[in-house]
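Here are a few exercises to work through at your own pace. Have the viewer open, try each task, then read the solution beneath it.

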Amino acid sequence: MSANAIHANHTAHADHSAHAVPGGLRITQDGYTLDLAETILSPGEVDFRFRIVGPDGRAVTDFTPVHDKRLHLIVAKRELTGFWHVHPELADDGTWSVRLNLPGAGAYRVFTDIAPTALGKTITLGADVAVRGEYAPQPVPAANRTAHVDGYEVTLDGDLVADEGTHLVLTVRKDGRPVTDLQPYLAAFGHLVVLRAGDLAYVHVHPSGEPGDGVTPAGPEIAFHTAVPGPGTYRLFLDFQHGDVVRTAAFTLSTRAAAPHAGHHGHHHHH
């Protein structure tokens with residue numbers, strides 16, 4: 001299957017029906033399992049290792065690239081107060097490894113975005129990791145539509161609606177001025193990962209348009225079409241590259257109710 005076919009499948013997969021299980025909730029899916037070398041880590045720098053084990057019980061080494069990489073590793077604190085998006089290296093024996101620096105004790109979740117070539121589609125596997133030490137659980141960060149990182153201000157327009165596709169537009173400014181020379185990062189001007197508070201259901205969204213297509217500007221706006229898997233509070237992490245540095249802007253949004261559809265009886269709200 002071509003990378004484009006995989007990509008088309010990946011995009012279609014984002015608009016799954018309400019009955020599909022959201023990505024990232026399972027450690028095993030479609031015969032593929034995320035096998036972590038260690039599930040309890042010490043805080044600070046660590047060499048994080050894992051394998052993807054296939055239906056035959058062996059480590060998988062044949063992957064079709066998704067967003068320019070054979071595997072994306074996303075690490076998030078359970079409370080969604082920390083987020084890392086890294087790209088491990090694959091050894092010949094099927095072991096993936098990457099240096100991680102998880103600063104604080106607590107509960108973490110790791111996700112792998114992969115398209116095993118034999119499977120022919122993209123799946124997201126998720127697993128829990130604990131970092132040793134005492135910790136005080138934090139609430140999910142409060143709702144916000146403006147994020148500040150390294151002198152950049154990123155604003156979010158649009159809403160999340162349960163079980164319905166919506167448009168989100170993120171606008172990047174630096175020192176108050178619109179940024180119009182965003183650099184492509186993993187073949188896009190921005191990457192958006194959306195995680196649901198409470199169960200960490202996972203959605204990885206690719207933007208509308210791509211660098212070099214002749215129509216998509218390099219900022220200040222990055223547009224996304226996204227569908228979230230139901231009501232709730234979501235944390236959105238935007239990776240963008242400018243001045244040769246990738247930065248992450250984070251937002252918290254709750255879903256708003258879908259507009260009532262004509263012909264649905266018994267759904268009238270009385271105020």
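**Exercise 1. The whole chain**

Among the contacts in the protein chain with a separation of 6 or more, what percentage comes from residues 24 or more positions apart?

Solution. This is a predicted model: local features need pLDDT of at least 70, side-chain atom pairs count only at pLDDT 80 or more, and totals for chains, interfaces and linings use all residues. Residues are numbered from 1 along each chain as its sequence is written, and side-chain values use heavy atoms, with hydrogens and water left out.

- Step 1: A contact means heavy atoms within 4.5 Å. Residues 24 or more positions apart supply 64% of the contacts in question.
- Step 2: The chain's secondary structure consists of 1 helix and 19 strands. Both are DSSP runs numbered from the N terminus: helices (H or I) have at least four residues, strands (E) at least two.
- Step 3: Of the 271 residues, 46% are buried. Buried means under 20% relative accessible area, exposed over 50%, and partly exposed in between (1.4 Å probe, protein chains only).

**Exercise 2. A histidine and its partners**

Find His 85 and decide: is His 85 buried or exposed?

Solution.

- Step 1: Go to strand E6, residues 83-86, where His 85 sits.
- Step 2: His 85 counts as buried because its relative accessible area is 12%.
- Step 3: Look for polar contacts, meaning pairs of N or O atoms within 3.5 Å; within protein, one must be able to donate a hydrogen and the other to accept it, and residues adjacent in sequence count only if both atoms are side-chain atoms. The His 85 side chain has one with the side chain of His 72 at 3.0 Å and another with that of His 87 at 3.1 Å.
- Step 4: Setting aside neighbours within four places in sequence, His 85 touches several residues, including Tyr 185, His 204 and Asp 239.

**Exercise 3. Backbone surprises**

Which residue is joined to Pro 220 by a cis peptide bond? Then inspect phi at Asp 68 and Asp 175.

Solution.

- Step 1: Most residues other than glycine have a negative phi, and most peptide bonds are trans.
- Step 2: Gly 219 is the partner of Pro 220, with omega about 0°. Pro 220 lies in the loop between strands E16 (202-205) and E17 (221-227).
- Step 3: Asp 68, in the loop between E4 and E5, has a positive phi near 75°. Asp 68 is exposed, at 55% relative accessible area.
- Step 4: Asp 175 has a positive phi near 50° and belongs to the loop between E13 (165-174) and E14 (177-178). Asp 175 is exposed because its relative accessibility is 52%.
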